[in-house]
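Me: Please present the model below, and then let us go through the reasoning behind its descriptions.

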Amino acid sequence: MERSANFLFGGTNFNRKKFAPDFAKFKNRKEDDDEDHNKKVSFFEQEEEEEEPEQEKLVSSSSSSKKRKRKSANSEPVEGFDVFKSSKKSRSKGKEVEQDTKDETLENPKKELYRRMEQDSLSRKQYNIHVSGENVPPPLKSFTELSSRYGCKKYILRNLAELGFKEPTPIQRQAIPILLSGRECFACAPTGSGKTFAFICPMLIKLKRHSSDGIRAVILSPARELAAQTAREGKKLIKGSKFNIRLMTKPLVKTADFSKLQCDVLISTPMRLKRAIKAKKIDLSKVEYLVLDESDKLFEQSMLKQIDGVVKACSNPSIIRSLFSATLPDSVEELARSIMHDAVRVIIGRKNTASETVKQKLVFTGTEEGKLLALRQSFAQQLYDELKCEDIRVGVIHSDLPPGERENAVDSFRAGETWVLIATDVIARGMDFKGINCVINYDFPDSASAYIHRIGRSGRAGRSGEAITFYTEEDVPFLRNIANTMTSSGCEVPSWILTLKKKKWKKHRPKRDSISTRPKDKREEEMVKKAKWLKNVKKAFSQDLKKLKHKSVEYQNSEISYPVLVASSRREDAAAIFIQSIFRGHLARRESQGMRRLARLKLLMEGSVVQRQAAHTLKCMQTLTRLQSQIRSRRIRMSEENQARHKQLLHKHAKELGGLKSGGNWNDSNQSKEQIEAGLLNKYEATMRRERALAYAFTHQQNLKGNMRSGNTMFMDPSNPTWGWSWLERWMADKPWESSEKVPSKNEKSSSSEKNRKHSIARSAVSDDEGLASSTARRRNTVPAKPTRGKQKAQSSSGVSAANTATTEENNEKAPIKKRVSTAPKPRKSSAPPNSILKKVAPILAGVAVAAAAYAGKYGIEAWQAFKARPPRPKLRKFYEGGFQAAMTRREAALILGVRESVAAEKVKEAHRRVMVANHPDAGGSHYLASKINEAKDMMLGKSESYGSPF
Ligand SMILES: Nc1ncnc2c1ncn2[C@@H]1O[C@H](COP(=O)(O)OP(=O)(O)OP(=O)(O)O)[C@@H](O)[C@H]1O
């Protein structure tokens with residue numbers, strides 16, 4: 001800390017070379033001076049004496065008197081120096097007189113004044129303080145003097161001590177008393193020399209305590225970051241007091257009511273304050289202190305208007321204004337003098353010099369690309385390795401960043417989260433990062449003052465620092481200014497640079513190529529071009545017509561040349577012509593762009609991708625067309641087939657109809673309906689008669705045998721309404737559309753399964769004439785059926801008794817009909833008996849045959865008698881009534897249509913059509929039957945309710 005404290009007073013180093021002759025004189029006189037005299041000299045003189053041997057060395061090693069002359073010539077004509085010099089002279093001369101008239105001088109107030117002045121001068125000399133102005137207050141010796149001389153509150157001293165400030169820095173030593181004595185001042189002190197506390201301390205001491213009268217002090221800083229830093233530093237100093245130091249932020253401007261705001265000291269950028277003033281939000285008429293930090297920046301053209309507005313707004317006549325900066329150009333000084341009254345000028349060290357604690361270096365990089373290489377070389381290997389790492393901690397800050405990001409960048413760098421901060425001049429001034437030990441001027445600074453402030457970010461508060469400045473060939477003409485600044489702060493520069501022609505102190509900003517290796521954002525480029533174009537258009541309206549004469553505009557990658565303007569042409573004409581030509585150019589470009597697009601389109605069309613796609617599309621289309629044509633032809637074929645089928649069907653139907661008409665079964669006679677019905681009735685009657693005969697014969701036979709056993713009483717009982725055949729079975733027996741040969745044997749089987757309908761349709765298929773005979777024959781067949789199965793048995797018994805016959809008959813009843821029907825023995829083929837056996841059996845067989853014939857004859861007679869004795873007619877009538885009234889069952893419906901009960905609807909419909917065609921009333925069929933056919937169809941299709949619908 002002690003070491004750093006010594007560095008802190010870098011600005012106080014005595015210029016030994018410059019004052020070498022004086023040192024020599026002091027050396028000679030030192031031997032003569034007695035001890036009392038030594039006691040009288042100030043504390044600072046003692047320090048000087050301590051440094052003497054070192055100074056001697058320096059004097060002896062001083063290079064040349066010529067150089068000394070130059071240096072002294074370079075130094076500013078500061079009044080303080082004059083004072084200092086005169087004091088030296090007076091001291092050397094007056095010391096002899098002082099001894100002689102010791103008592104007199106003590107009484108003489110003038111002499112006392114001189115003595116004090118001398119002491120002040122010595123003190124200033126010690127700290128390299130140069131002041132100009134009348135009655136400049138003496139510099140501070142220590143912070144404790146603040147309370148003894150100026151009544152400083154204890155909390156301030158306590159806070160200063162807490163911050164580790166043991167003694168004031170040179171600028172603080174002089175600026176604080178000046179401001180506390182109510183004098184205005186403009187001060188120039190090296191970077192990092194503690195200017196901030198130099199203006200905050202007196203401000204707080206003067207304001208004494210917090211007041212709710214409104215804003216009493218304003219500090220203006222050129223940048224937000226600096227204003228924030230000043231506010232932070234100020235708050236450190238007001239700890240323990242009720243003072244209010246506020247930073248003017250955007251939200252504060254928007255929301256705060258400044259008339260009620262508790263604010264003693266307001267810190268702001270000029271822009272924000274000016275806006276608030278303009279909006280009449282803020283009243284600065286009570287401001288007692290106005291500080292312009294980094295005043296040379298604030299007095300730049302860009303901020304001058306705002307500063308002017310603020311200065312005007314601070315209308316308090318007793319206001320104390322002060323300017324502080326590390327660089328103070330003459331122009332700013334002049335300006336400051338014009339606005340300040342009785343101002344004191346304070347310079348620490350030499351005006352416009354960089355901090356002496358910063359080691360400065362110039363590096364030639366040749367070109368912009370060379371800087372990257374130089375950057376690598378300049379950095380320590382360690383830092384370079386870190387830069388190479390992926391997680392390199394680099395921050396960036398520039399004016400285009402949003403305020404939040406700017407703040408973050410500063411905070412992270414301050415907190416050590418980022419190690420390298422890439423910055424523009426936005427933080428080049430005033431920012432106090434204590435840890436910075438190296439500043440690299442990647443881009444050559446555009447002025448000496450910019451250079452001073454930039455490198456001033458390192459080597460602060462007496463610490464050592466390093467500054468490396470890259471320069472290219474383009475920067476060479478401006479090297480001299482920087483080189484001068486370097487030499488004035490004690491740094492070495494190549495001699496060839498000092499031989500360069502000195503340029504005026506003006507900004508140097510060479511156009512630099514982009515070093516970015518990334519492709520530029522096209523939109524950004526476009527924006528820049530448009531901005532350029534607009535700028536040029538603006539120029540067209542500007543007063544400077546002559547400039548338009550030979551210029552050309554770059555717009556959308558092409559150059560538009562202006563029409564040459566006649567000197568006498570009016571400004572508006574020139575602008576009109578210019579805009580017109582630009583517009584024409586724009587049209588032409590648009591056209592050419594269209595053409596280019598067309599050409600591109602053509603190329604695209606001819607390109608392989610498009611061709612491939614087109615081929616593929618064509619292929620697809622062809623396939624589609626082929627498919628369509630195939631479908632169409634198939635449809636045509638199908639419709640043709642359908643037509644043919646339809647025709648065939650029609651033909652078939654016609655044929656069927658024709659066949660039916662011409663067929664034997666079809667009644668195509670010219671008889672009337674009644675006649676046909678009468679014929680049918682006759683037919684039925686005949687059938688009934690036959691059945692009756694059969695039934696009679698059977699009954700009679702049973703009676704004759706004396707062993708009558710009724711197989712089916714219901715069938716036999718004439719009083720039963722369902723006795724005998726149903727109307728359907730009878731009708732089916734008379735099927736007009738089927739020949740008698742087609743009668744299915746199934747009916748025989750099914751009829752056997754039904755108890756109340758035992759007679760099959762097949763049986764009734766025989767003609768009326770044959771009916772009786774056949775039934776008799778069957779009876780005959782059925783009798784020997786049993787013996788057929790047990791042939792050996794029958795033959796061995798040789799005589800068949802009536803009782804046996806009856807038993808056989810009974811057994812036959814139980815046996816299945818099929819077996820009974822097929823009882824006739826089939827001739828043997830391979831197993832035929834030999835002739836000898838046949839000869840022996842023949843007489844027996846002949847006997848059996850005779851017996852059988854006799855037996856049959858007997859039965860025939862009996863049947864005939866039974867037929868003759870058949871019941872009277874009225875009974876038959878009764879039977880009819882009962883038969884026709886029965887409701888149709890599903891089975892009956894199936895029988896009508898000639899299909900199975902479980903047949904599908906389609907088949908039912910087909911069968912219905914077939915049956916109906918055959919029985920249609922139009923074709924001479926019965927209406928009644930037709931209605932029954934329809935009823936059967938409905939029954940089969942589940943629509944049994946709609947009986948009797950006409951076809
Ligand atoms: N009396 C003091 N003793 C020790 N350190 C001090 C003293 N006064 C200020 N400092 C420290 O010196 C550093 C630089 O101070 P400050 O920022 O005020 O410098 P400056 O002159 O304003 O620099 P610049 O010109 O860059 O704005 C700060 O860190 C501050 O804390």
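**Annotated span, ligand and sheet**

Reply: UniProt, in an unreviewed entry, lists residues 145-173 as "short sequence motif: Q motif". The model itself is predicted. The feature "domain: DEAD-box RNA helicase Q", also from an unreviewed entry, is placed by UniProt at residues 145-173.

Me: What makes up the span of residues 145-173, and how far apart are its end C-alpha atoms?

Reply: The span is 66% helix and 0% strand, and its end C-alpha atoms lie 10 Å apart.

Me: How do you know that Glu 167 has a polar contact with the ligand?

Reply: A polar contact requires a pair of N or O atoms within 3.5 Å. A backbone N or O atom of Glu 167 lies 3.1 Å from a nitrogen atom of the ligand, and therefore the pair meets the cut-off.

Me: What places Lys 195 and Glu 294 under the same heading of polar contacts?

Reply: For Lys 195, an N or O atom of the side chain is 2.7 Å from an oxygen atom of the ligand. For Glu 294, a polar side-chain atom lies 3.2 Å from a ligand oxygen atom. Both values fall within 3.5 Å, so each pair counts as a polar contact.

Me: How much of the ligand does the protein bury?

Reply: Taken alone, the ligand exposes 630 Å², and the protein buries 95% of that.

Me: Which residues around the ligand come nearest, and which helix gives the most to the shell?

Reply: Of the 21 residues around the ligand, the nearest are Gly 192, Lys 195, Thr 196, Asp 432 and Arg 460. Helix α12 (residues 195-207) gives the most to the shell, with three residues. By class, the shell divides into eight polar, seven charged and six nonpolar residues.

Me: Why are β9 and β12 called edge strands?

Reply: The open sheet of three strands has the order β9-β13-β12, with parallel pairing. β9 (358-366) and β12 (438-441) each have a single partner strand, so one side of each is left without a neighbour in the sheet. From one strand to the next, the twist averages 15°.

Me: How do you know that β9 and β13 are paired?

Reply: Pairing requires at least two bridges between the strands. Eight bridges join β9 to β13 (residues 465-472), so the two strands pair, and they run parallel. Phe 364 stands opposite Tyr 471 in β13.

Conventions. Residues numbered from 1 in each chain as written. Predicted model: local features only at pLDDT ≥ 70, side-chain atom pairs only at ≥ 80, totals over all residues. Heavy atoms only, no water. Near = heavy atom within 4 Å. Polar contact = N/O pair within 3.5 Å; in protein donor to acceptor, adjacent residues only side chain to side chain. Areas by Shrake-Rupley, 256 points an atom, 1.4 Å probe, with all protein chains shown as cover. Helix = DSSP H or I, 4+ residues; strand = E, 2+ residues; numbered from the N terminus. Nonpolar A, V, L, I, M, F, W, Y, C, P; charged D, E, K, R; others polar. UniProt positions renumbered as here; feature names shortened; annotations may be inferred. Axes fitted to C-alpha atoms, helices over the stretch in contact; angles between N-to-C directions.
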